[in-house]
Amino acid sequence: MMIDILEFTLERLTQTFEKDFGKGRFHAQALFRDIFKQGNVNFLTSPEFLDSPRFARILKGKVSVNPGVVVNTFDEGELTKFITRLSDGLEIESVVIPMTRHNTLCISSQVGCKMGCKFCETGRMGFKRNLSISEITGQIYNGRHYLKKDIKNIVFMGMGEPLDNFDNVMGAIQVMNQQQGFDIALRHMTLSTAGFVPGIERLAKMKMPGLRLAISINAPDDKIRSSLMPINKVFPLAALKKSLVDFSLPKRGIFLFEYILIKGLNDSPAHAAMLADYIHPLPARLNLIAYNKIIGLDYENPCDDEMYTFADLLSAKGIMVIKRWSRGRSVAAGCGQLGTHT
Ligand code: SF4
């Protein structure tokens, strides 16, 4: 059996070593350190394997490290979008976003997306397929070891609806969370959903303390939301809210709501009031994101004053608001723009 190492937890690797090779945690930990922490695919040279040359030779033929091939990168300042070609030739996009003290990696969970959000370039691509666990974790492998970026946060806000690829996304989170490996704390990972209620309900039953859930809300009523996000016709705002009310957050946990402000569509004072009422009973923060103009779509960017006014109206209603002007416009790496190769 081949060991596709980027989809292994340490526990599973230890069990595989015990069962298949009569070895154990000592070598599993060494391999984890070499591959995940150091990006050293030539692990035969590590002391633990130099002491067991026969085992190392067997392992060499059995362990594969397949993060995909980075075929292109685009920079805007310190922000980097990179394109990874997968083994079947399909391509996915990921973005390294510089924060104050470290980088956040925005990763993809699917090639394309079924959700068809009207403002989103990926939604317009349609759906090709789910990513495997190692294709998801391969993005952080490439970000750290190929691009040499210090990545401490993961956001599932790239291509795809992560809760529609539930099992592989959960598997990837477990791999990325391994202390002896990528060592990303659950509280440093955020899943962003378009409101896929069955996925939210499944997530509520998982033991993932600290994992953050972001909801791409984008409209204060069903009419506008259904026009922007077809998923709302299946899971309207009331059903979405019920799934959130039933979701038991950890102590001091909050939901993140994302609201893309589109001039003339969802930006009036009445919309702000309805949105505040919708969010109000939930512990939450709202990221207010200025729409990024996409060529071929009629939606318009709000001006700065419209952003400030909308944010002030929400704040006055007691909603915690963070304003974001999406970075990466020139490399099509802003929110809702992945899926275009510039
Ligand atoms: Fe899919 Fe997210 Fe784009 Fe909607 S915004 S189509 S859920 S990738």
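Ring pairs link Phe17, Phe21, Phe49 and Phe55 into a cluster, and I begin there. Please keep in mind that this is a predicted model.

How many aromatic pairs does a search of the whole structure find? The answer is ten. Allow me to describe two of them. Phenylalanine 196 and phenylalanine 235 meet edge-to-face, with 6.0 Å centre to centre and 90 degrees between the planes. Phenylalanine 196 sits in the loop between strand S10 (189–193) and helix H8 (197–205), while phenylalanine 235 sits in the loop between helix H10 (231–234) and helix H11 (237–245), so this pair ties together parts that are 39 residues apart in sequence. Both phenylalanine 196 and phenylalanine 235 are buried. The second pair, tyrosine 291 with tyrosine 299, is also edge-to-face, at 5.9 Å centre to centre and 85 degrees between the planes. Here again, tyrosine 291 and tyrosine 299 are buried.

I turn now to the sheet. It is an open sheet of ten strands in the order S3-S4-S5-S6-S9-S10-S11-S12-S13-S14, and its pairing is mixed. Which strands stand at the edges? They are S3 (69–76) and S14 (320–324); each has a single partner strand, so one side of each is left without a neighbour in the sheet. On average, neighbouring strands of this sheet are turned by 25 degrees against each other, direction ignored.

The mixed pairing can be illustrated with two examples. S3 and S4 run antiparallel and are joined by seven bridges; within them, asparagine 72 has isoleucine 83 in S4 as its bridge partner. These two strands form a hairpin with two residues between them, and glycine 77 in the turn has a positive phi of about 60 degrees. By contrast, S12 (residues 255–261) and S13 (residues 284–290) pair in the parallel sense, over seven bridges. In that pairing, leucine 261 stands opposite alanine 290 in S13.

One helix deserves mention beside the sheet. Helix H6 (residues 133–146) lies across S3, strand S4 (79–85), strand S5 (91–98), strand S6 (103–106) and strand S9 (151–156), and it runs at about 150 degrees to S9.

Finally, the ligand. Which residues are found around the ligand? They are Cys113, Met115, Gly116, Cys117, Phe119, Cys120, Thr122, Gly123, Gly158, Gly160 and Ala194. Sorted by class, this shell has six nonpolar and five polar residues, and no charged ones.

Technical notes:
Residues numbered from 1 in each chain as written. Predicted model: local features only at pLDDT ≥ 70, side-chain atom pairs only at ≥ 80, totals over all residues. Heavy atoms only, no water. Pairing = 2+ DSSP bridges. Helix = DSSP H or I, 4+ residues; strand = E, 2+ residues; numbered from the N terminus. Axes fitted to C-alpha atoms, helices over the stretch in contact; angles between N-to-C directions. Contact = heavy atoms within 4.5 Å. Near = heavy atom within 4 Å. Nonpolar A, V, L, I, M, F, W, Y, C, P; charged D, E, K, R; others polar. Phe/Tyr/Trp six-rings, centres within 6.5 Å; stacked < 30°, edge-to-face > 60°. Buried < 20%, exposed > 50% of the residue type's maximum accessible area, 1.4 Å probe, protein only.
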